[in-house]
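Me: Please take a close look at one part of this model, the eight-stranded sheet and what packs on it, and set that part in the context of the rest of the chain.

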Amino acid sequence: MNTEKQFLGRRNFIKGASAASLLLSSMGSYGFEFFADEKPKKVALIGTGWYGTSDLFKLIQVANVEVVSLCDVDSNFLNDVAEQVSQRQKNGKKPKMYSDYRDMLKKEKLDIVLIGTPDHWHALMCIEALKSGAHVYVQKPISVDIMEGEAMVAAARKYNRVVQVGTQRKSTPHLIDVKREIVDKGLLGKIGHVEMCCYYHMRANGNPPVQPVPEFLDYEMWTGPAPWRPYDGIPHRRWWRTFMEYGNGIMGDMCVHMLDTVRWMLDLGWPKQISSEGGIYIQKEGKSNIADTQTAVFEYDDLNCVWQHRSWGNPADPEYPWAFKIYGEKGVLKGSTMQADFIPYRNGEPIHFNVLYEKEKYPEDLVEKDNELHAAPATRRHMIDFLEAIANGTKPIADIEEGHISTASCILANLSMELGRPLTYNPKTRTVVNDVEATAKLTRAYRGDWEHPHPDRV
């Protein structure tokens, strides 16, 4: 068989039989609608921006749920999404609308809470939702500091609730096939090196002036526990991500996905040591304070996982601008959200894997604003896995502890870059080994009266 024929055969296999069998096996005995014969699960969304709303719509597609409430500090977002939900859900009802998540959690008896806010809100909202009795789907990274993540894990275990983290690469059809067909079958041989990267020009870098806060936005509540920044425009979507006050830069936004994927594929836990270097080398003209260039090394036994991002210039491999590459003694595996390639060094033919789309089955994907069509099947499967865990009382594939390890590792990389030295985290003692200064930075000061969560007091 020549290379082209194997490529085409494999591609059709992925699109056809393999994808179908994966889909059916993922659905379990529920088919495409979870809880179809039960009373609808009551659902709320906190954070009605782009990805929170997209997550909610994918949940509506696969389960018998009733969206009873929405929460956001932007009344324009809130009203718009409430109207969209009324058109999407079966009963046609418009959800109740709240501006304070604490009020909503007190007044509504919820089965499931989705959290799609900026990163600096994830921990407080997740823990409060767990205390209220709800299961939680929270976007990545789970936290802005490591002690927040420890508290989220502790709360999930204490209240015996399922928490699924939005690292949906583990539910991406072609990457599931890659793990099964290449990694698990040993085609790579002994693995000795991993590279991960992101070369997207995704770093907002403007200089907007300070301006009055619009009436439709509660900026005080939007800021919440984060350090205060003078209002200089709508923070949604890209602007907040360019500041360390609210997140962990491109490291926390993009590396967390690829590191989490590699950890899942290779069954890796906490890194033994993490080191990182970088800074703002090129894009110095704007307000942004996140690194535009950064390298990090996550060390394991006989294996280093190396991350590189640049928000300027061209990608090293144009076909894989945001990706992972796993190097084994027998070949290399390249993977991304869009495709994957196994390239053997000597024997055998290259094998290509394509992304799966579901445009015909879910035509509403085509009209959803800013919908990531390539990610929609993965998010639906991620929701299905979440629902199966709730139904069976098991841990989901992206359990909060796994999300914490991936998130905390990226936070430690940022701390290493800041302090200029390698760091080793001990999750049992919740300290950085032999480093008092770094340990003190595992908990970030909260603003005002907001109380930082602690794993021993959730």
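**The mixed sheet and its surroundings**

Reply: The domain assignment divides the chain into domain 1, covering 32-168, and domain 2, which is made of 170-370 + 400-441. The model is a predicted one, and in it the centres of domain 1 and domain 2, taken over C-alpha atoms, are separated by 23 Å, while 41 residues of domain 1 are in contact with 43 residues of domain 2.

The sheet you ask about is open and has eight strands, which follow one another in the order E8-E9-E10-E7-E11-E12-E13-E14 with mixed pairing. Its edges are taken by strand E8 (273-279) and strand E14 (351-354), and because each of these has a single partner strand, one side of each is left without a neighbour in the sheet. From one strand to the next the twist averages 10 degrees. At the E14 edge, strand E13 (residues 339-344) pairs with E14 in the antiparallel sense over four bridges, and within this pairing glutamine 339 has asparagine 354 of E14 as its bridge partner.

Two helices can be followed onto this sheet. Helix H7 (residues 173-183) packs on the sheet by touching strand E11 (322-328), strand E12 (331-336), E13 and E14, and the direction of H7 makes about 155 degrees with that of E14. Helix H11 also packs on the sheet, where it touches E8 and strand E9 (293-300), with a direction that makes about 60 degrees with that of E8.

H11 (residues 400-419) in turn packs against helix H6 (residues 146-158), at an angle of about 175 degrees and with the two axes 9 Å apart, which means that H6 is roughly antiparallel to H11. On the H6 side the contact is made by Ile146, Gly149, Glu150, Met152, Val153, Ala156 and Arg157, and on the H11 side by Ile400, Glu401, His404, Ala408, Ile411 and Leu412. Sorted by class, this contact of H6 with H11 has eight nonpolar, two polar and three charged residues.

For context, there is also an open sheet of six strands, in the order E3-E2-E1-E4-E5-E6, and here the pairing is parallel. Strand E3 (96-98) and strand E6 (163-165) stand at its edges with a single partner strand each, so one side of each lacks a neighbour in the sheet. The twist in this six-stranded sheet averages 20 degrees from one strand to the next. Strand E1 (residues 41-46) runs parallel to strand E4 (residues 112-115) and is joined to it by four bridges, with alanine 44 having valine 113 as its bridge partner in E4. Helix H10 (residues 376-392) packs on this sheet, touching E4, strand E5 (135-138) and E6, and its direction makes about 160 degrees with that of E5.

The record offers a further view of the chain. An unreviewed UniProt entry places the feature "domain: Gfo/Idh/MocA-like oxidoreductase N-terminal" at residues 42-166, a span whose end C-alpha atoms lie 20 Å apart and which is 46% helix and 21% strand. The unreviewed entry in UniProt also places "domain: Gfo/Idh/MocA-like oxidoreductase bacterial type C-terminal" at residues 205-268 and 362-451. In residues 205-268 the end C-alpha atoms lie 35 Å apart, with 36% helix and 0% strand, whereas in residues 362-451 they lie 43 Å apart, with 47% helix and 4% strand.

Key:
Residues numbered from 1 in each chain as written. Predicted model: local features only at pLDDT ≥ 70, side-chain atom pairs only at ≥ 80, totals over all residues. Heavy atoms only, no water. Pairing = 2+ DSSP bridges. Axes fitted to C-alpha atoms, helices over the stretch in contact; angles between N-to-C directions. Contact = heavy atoms within 4.5 Å. UniProt positions renumbered as here; feature names shortened; annotations may be inferred. Parallel < 35°, antiparallel > 145°, perpendicular 65-115°, else oblique. Nonpolar A, V, L, I, M, F, W, Y, C, P; charged D, E, K, R; others polar. Domains from an automatic or database assignment.
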